[in-house]
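Here are my notes for you, with the ligand first and a helix and two loops after that. Keep the structure open while you read.

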Amino acid sequence: MKIINIIGTRPNFIKIAPFMQAAKKYPRLKMKLVHTGQHYDYNMSKVFFKNLAIPKPDIYLGTGSGSQGAQTGQMMIALEKIVLKEKPDLIVVLGDVNSTLAASLVAAKLTIPIAHIEAGVRSFDRAMPEEINRLVTDSLSDLLFTPSDYAVKNLTREGVARQKIFNVGNIMMDTLFANFNKIKQSQICRRLDLKPQTYAAMTLHRPSNVDDKKTFTGILKALNQIKKSLAIIWPIHPRARKQTRKFNLDRFFVPHRPGRTARIGQITLLDPLAYTESLGLFYQARFVLTDSGGVQTETTALNTPCLTLRYNTEWLETLSQGTNTRIDPEPRKIINAANKILRRPIRKKPAFLQKSKLPKYWDGKTSQRIIKIILDKS
Ligand code: UD1
């Protein structure tokens, strides 16, 4: 059975790592890996392949950045040629990025079955490019692998046939469980000369937050207050970095230089980090501020409080069963939420991950479940 796995961005790399690993045990599966090149900087792409031992892509398309339509279109043109040549039995796509959408459209038009890992996730906000990507991909997919009961409900509500849906759990937990020792041993705090729990970590890159000057400035003003109580460490996404320059926001932070320590009263900027370093930073943080989807689930597993600066979240289970709180990205609300966490006792870090405390099937075995189903169906 020939499977083409199509990836392109950081979250795709994190999800494909355990899947490729689990597939190794089954010689019947001929796995090919195609990287669209949506993310291309060393520390947005190659570092993840090294850090997570992902096999080198068989094909690299190098499509790069562009507007929503141009980027998706470029990827489709390149992917169509590959799929016509390779004639796979199945195409695997992951998550909700533009590479996922492009791959699904190409596969569906060439009548190649599609398996979607992380199906059924919804923010119900169609202004997010990811929500469009999810809706289209799920409507075209033949095997829908969901991370949660919520996702199953979303799909059934949309009329997806029940026999196409497989609730297999959150594949990001496979990566997290497999790398937990490395995460605990990460040297990131030592590198910044920080003691555990004396800082907040931040990730922020959603267009709704960083492409709008007023919202972005408001978030940074809130951080200006919060940094009086603890250091803030921000491994910054290139999109957000570009926007800080465009909006002249560099006055808010200090870029990290080797040998310089991160301090209370400062927002310290880092280049994007490898997976185990990022998670090491979250693991030891007093709390995390984010607008990412994946980070909401990762902080839940690491028992680190998380503030999600968005008007919605697609990971409702992290609010009820996890450590996540969703906050409108407005200065006063962010400051209040941070103060609330600072008043609470520090959360004890897990010495090992307790699967029973996490949502169903967030147990590190999602890839195995998916592979069994794919083999059964072939
Ligand atoms: C994409 C995903 C988003 C995901 C995020 C993870 C879509 C619609 N969005 O957002 O869901 O959470 O990846 O990181 O697919 N850039 C670089 N170097 C790179 C990659 C990007 O400098 O290696 C810069 C470019 O200026 C580019 C911008 O970042 O224009 C945005 O990149 P893009 O891939 O379009 O979207 P992300 O914001 O990364």
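A word on sorting residues first: Ala, Val, Leu, Ile, Met, Phe, Trp, Tyr, Cys and Pro count as nonpolar, Asp, Glu, Lys and Arg as charged, and the others, Gly among them, as polar. This is a predicted model, where local features need pLDDT of at least 70 and side-chain atom pairs count only at pLDDT 80 or more, while totals for chains, interfaces and linings use all residues. Residues are numbered from 1 along each chain as its sequence is written, and side-chain values use heavy atoms, with hydrogens and water left out.

1. Start with the shell around the ligand. A residue is near the ligand if one of its heavy atoms lies within 4 Å of it. There are 20 residues around the ligand, and His39, Tyr40, Asn98, Glu130 and His205 come nearest. By type, the shell splits into six nonpolar, seven polar and seven charged residues.

2. Which side chains have an N or O atom paired with the ligand's oxygen atoms? Polar contacts are pairs of N or O atoms within 3.5 Å. The side chain of Glu130 has an N or O atom 2.5 Å from a ligand oxygen, and for His39 that distance is 2.7 Å. Lys242 also has a polar side-chain atom 3.0 Å from an oxygen atom of the ligand. Taken alone, the ligand exposes 740 Å², and the protein buries 90% of that (Shrake-Rupley method, 1.4 Å probe).

3. Where does the shell come from? Helices are DSSP runs (H or I, at least four residues), strands are E runs of at least two, and both are numbered from the N terminus. Two or more residues come from each of α1 (10-23), α5 (129-140) and α12 (238-246). The largest share, three residues, belongs to α12. Domain 1 (2-170 + 360-377) and domain 2 (181-357) each give at least three residues to the shell; the bounds come from an automatic or database domain assignment.

4. Now look at helix α17 (residues 366-377). Its 12 residues should span 16 Å at 1.5 Å a residue, and its end C-alpha atoms are 17 Å apart, which agrees (the expected span is 1.5 Å times one less than the number of residues). Buried residues (under 20% relative accessible area; exposed is over 50%, partly exposed in between; 1.4 Å probe, protein chains only) in α17 include Ile370, Ile371, Ile373 and Ile374.

5. Finally, check two loops. Thr111 is not a glycine, yet has a positive phi of about 50 degrees. Thr111 sits in the loop between α4 (98-109) and β5 (114-117) and is exposed, at 69% relative accessible area. Asp193, also not a glycine, has a positive phi of about 60 degrees. The loop between α9 (188-192) and β8 (199-202) holds Asp193, which is exposed at 53%.

Conventions. A polar contact is a pair of N or O atoms within 3.5 Å; within protein, one must be able to donate a hydrogen and the other to accept it, and residues adjacent in sequence count only if both atoms are side-chain atoms.
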